[in-house]
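Here are a few exercises to work through with the structure open beside you. Try each one yourself before you read the solution.

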Amino acid sequence: MAVKKFVVGNFDDEAVLFPAVKKVRRAGYKIHDVFTPFPIHGLDHAMGLRDTSLHTAGFIYGITGTATAVGFITWALTVDWQINFGGKPFFSLPAWIPVTFELTVLFAAVGMVLTFCYLCQLAPFVKKDHFNPRSTDDTFVMALECTDKTSEAEAMSFLETVGAKEVKIEYKETEWWIGRYDKDVKLFHKEN
Amino acid sequence: MSIRENFEVPKRYNTIAIALMAVGILAIAGLWVTSGSSSDPHKSARFWASLLQNSVFFLLVVNASMFFICATTLAWGGWQMAFRRVPEAISAVVPVIGVIAGAILLSIAFGGNHTIYHWTDTEHVAHDPILTHKKGFLNTTFFAVATVLTIVLWSLLGWKMRQLSRSLDTKPLETIAERKKYVWNNTVWAAMFIIVFSLTVMSSIPWLWLMSIDAHWYSTMYSWYTFASTFVSGMALIALFVVFLKNNGYLEYTNNEHLHDIGKFMFAFSVFWTYLWFSQFMLIWYANIPEETVYFQPRAHGVYKGIFWLMFIINFIAPLLILMTRDAKRNYGTITFMAIMIIFGHWLDFYQMVFPSVMKDSTGATHVPNILYDMGVALGFVGLIMFVTGRALTKAPLLAKNHPFVKESLIHHT
């Protein structure tokens with residue numbers, strides 16, 4: 001749990017936001033995060049985020065599923081409880097492929113969903129600050145983290161020059177917590 | 001550097017294409033001398049089987065390009081516009097190989113040698129209750145009409161789609177109404193091609209041309225499986241030409257994003273092919289009925305075992321593991337390597353569809369022929385595809401810059 005100080009710029013157009021992200025990075029500010037109402041192609045590259053490793057995790061889960069299915073069926077049908085199906089050999093791989101395939105998909109899918117939730121810190125009752133509730137509607141929010149070397153006034157005026165409609169200094173919780181938004185966070189319309 | 005709109009065929013390219021065609025003709029001549037001219041019908045069938053396998057395979061592969069164009073057109077896709085002229089040029093080979101394949105198919109059906117299509121032997125059919133029941137479908141008249149009609153329709157509808165695309169180069173569309181009309185027009189013609197395609201490649205034609213070699217045996221998966229085989233090879237062929245043109249400084253607007261999507265098609269349809277291949281195999285393996293397993297006996301367990309499992313490794317395991325990552329699909333080297341592997345793998349797939357049923361001697365034993373001859377014939381067809389596609393590429397600018405969807409392709413991002 002750490003409350004930090006942020007300079008928050010609110011943009012109303014992704015065509016302005018995109019070059020702004022590049023300029024802010026070039027100027028050397030530390031972007032905490034950018035919140036947008038919809039996914040923007042290429043924004044992750046502009047922000048300098050590394051590629052996700054979710055697909056590697058998915059591959060590992062899939063292989064685990066394959067190994068589980070083949071391993072278990074092999075053990076069950078050749079060692080533990082041999083059954084003669086129409087004179088076929090006990091180890092008859094073709095018959096097991098559908099189950100193996102399904103288990104591969106199941107492991108990969110469930111594993112990736114859980115990993116995705118973990119990486120994004122999503123879970124029931126878990127709350128995170130996203131600076132401006134309107135970032136789920138029509139506002140693009142860029143939060144710059146203030147370090148002890150950051151001059152807030154300079155950062156605010158810089159955000160305005162790159163096209164932010166509204167710039168604020170806010171103290172926000174950076175981690176997740178379990179609670180209720182309506183008690184912990186003042187909603188936008190109540191601020192006005 | 002200015003944009004190089006029009007492809008100019010490099011001299012070496014044509015030399016290689018003509019050399020490959022010469023290899024093909026030499027291979028055909030060699031086959032004719034060693035087996036085709038023989039009076040033993042079992043021996044001369046080997047010659048015709050080679051021509052049948054190669055011409056049908058490459059005809060279906062180049063026709064898959066037109067399927068790709070029509071499917072993306074019907075889906076109102078825009079991403080393929082940057083390189084759409086490449087599949088268009090490849091599909092221009094359809095009439096050429098169509099004539100060759102048609103001539104070969106009709107020669108086999110009417111040539112009097114019943115080893116490949118033994119349902120053409122009317123005397124034999126009269127004593128064979130299974131073939132008598134299939135007479136409505138498996139008879140030479142229907143075969144000839146269906147073959148000619150199919151090849152003519154593919155060629156004509158493909159020609160119409162190319163015409164529609166090229167008509168824009170001289171006459172840009174000024175108003176929104178004109179563009180809407182153009183897109184609609186394209187959609188209607190693409191839909192007609194897809195209907196013809198689904199009634200031929202996806203259902204009846206592989207039964208008629210390939211499955212009827214084993215006239216007693218049948219599989220309802222067969223056509224889909226053949227379609228998947230040729231479509232993934234068709235995507236590999238498009239990828240090869242795109243990489244070739246990029247390496248020669250053409251197709252400025254086609255970038256890694258487009259290559260990535262072609263790679264996804266190669267990957268996804270390799271898996272799709274495996275799904276169909278396995279679905280066909282497993283049901284027959286599980287039911288274990290002799291009249292069905294007779295198809296897989298020489299292939300999976302007999303002398304064609306090596307080709308059968310090699311093909312499975314090339315067509316499934318290699319694409320699955322090599323093309324899985326994003327970087328692999330964006331790498332010219334990997335894509336080129338895998339495209340060649342996939343085309344070769346599916347050529348082997350067709351090889352084991354045709355030959356095990358044809359290469360039977362009078363005692364009923366199955367043989368593997370010298371595959372080098374067939375590879376030579378395949379090289380001849382590759383040379384033909386190179387030559388005709390190269391010529392077709394020069395006929396129109398490489399970017400259909402007046403198409404309403406072209407911007408979508410230029411800013412494409414995966």
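**Exercise 1.** How many helices and how many strands are there in chain A? Then work out how spread out the chain is.

*Solution.* Keep in mind that this is a predicted model. Start by counting: chain A has 7 helices and 6 strands. Put them in sequence order and you get β-α-β-α-α-α-β-β-α-β-β-α-α. Next, apply the globule rule: for 192 residues it gives 16 Å, but the radius of gyration of chain A is 25 Å, so chain A is more spread out than a compact globule. Now look at the extents: the C-alpha trace spans about 80 × 35 × 30 Å along its principal axes. Finally, check the domains. Domain 1 of chain A takes in 3–37 + 139–191, and domain 2 of chain A is 54–119. Their C-alpha centres are 46 Å apart.

**Exercise 2.** Run the radius of gyration check on chain B, and find its secondary structure and its buried share.

*Solution.* Secondary structure goes quickly here: 17 helices and 0 strands. For 414 residues, a compact globule would come out near 22 Å, and chain B has 22 Å, which agrees. The C-alpha trace of chain B covers about 70 × 45 × 40 Å along the principal axes. As for burial, 43% of the residues of chain B count as buried, while in chain A buried residues make up 17%.

**Exercise 3.** Track down the largest nonpolar core and see which helix gives it the largest share.

*Solution.* A general point to begin with: nonpolar side chains tend to be buried together in soluble globular proteins. The largest nonpolar core here has 115 residues, and Met235(B), Met266(B) and Val354(B) are among those with the most contacts inside it. Its largest share, 19 residues, comes from helix 2 (residues 41–74) of chain B. Now zoom in on Val354(B): leaving aside neighbours within four places in sequence, Val354(B) touches Ala49(B), Leu52(B), Gln53(B), Leu210(B) and Ile213(B). There's also a second, separate core of 20 residues, which includes Val21(A), Val141(A), Leu144(A) and Ala164(A).

**Exercise 4.** Take helix 2 of chain B from end to end: span, bend, burial and what follows.

*Solution.* First, the span: helix 2 of chain B has 34 residues and reaches 47 Å from first C-alpha to last, close to the expected 50 Å. Second, the bend: a kink of about 25° is centred on Phe47(B). Third, burial: 28 of the 34 residues are buried, so helix 2 of chain B is largely enclosed by the rest of the structure. Last, step past the end of helix 2 of chain B, and you'll meet Trp76(B), with a positive phi near 55°.

Terms used:
Residues numbered from 1 in each chain as written. Chains lettered and ligands numbered in written order. Helix = DSSP H or I, 4+ residues; strand = E, 2+ residues; numbered from the N terminus. Rg over C-alpha atoms; globule rule 2.2 N^0.38 Å. Buried ≥ 20, exposed ≤ 12 C-beta atoms within 10 Å, placed from the backbone. Core = buried A, V, L, I, M, F, W, Y, C linked by C-beta atoms within 7 Å. Contact = placed C-beta atoms within 7 Å. Domains from an automatic or database assignment. Expected span 1.5 Å × (residues − 1). Bend = angle between axes of the 7 residues up to and from the residue.
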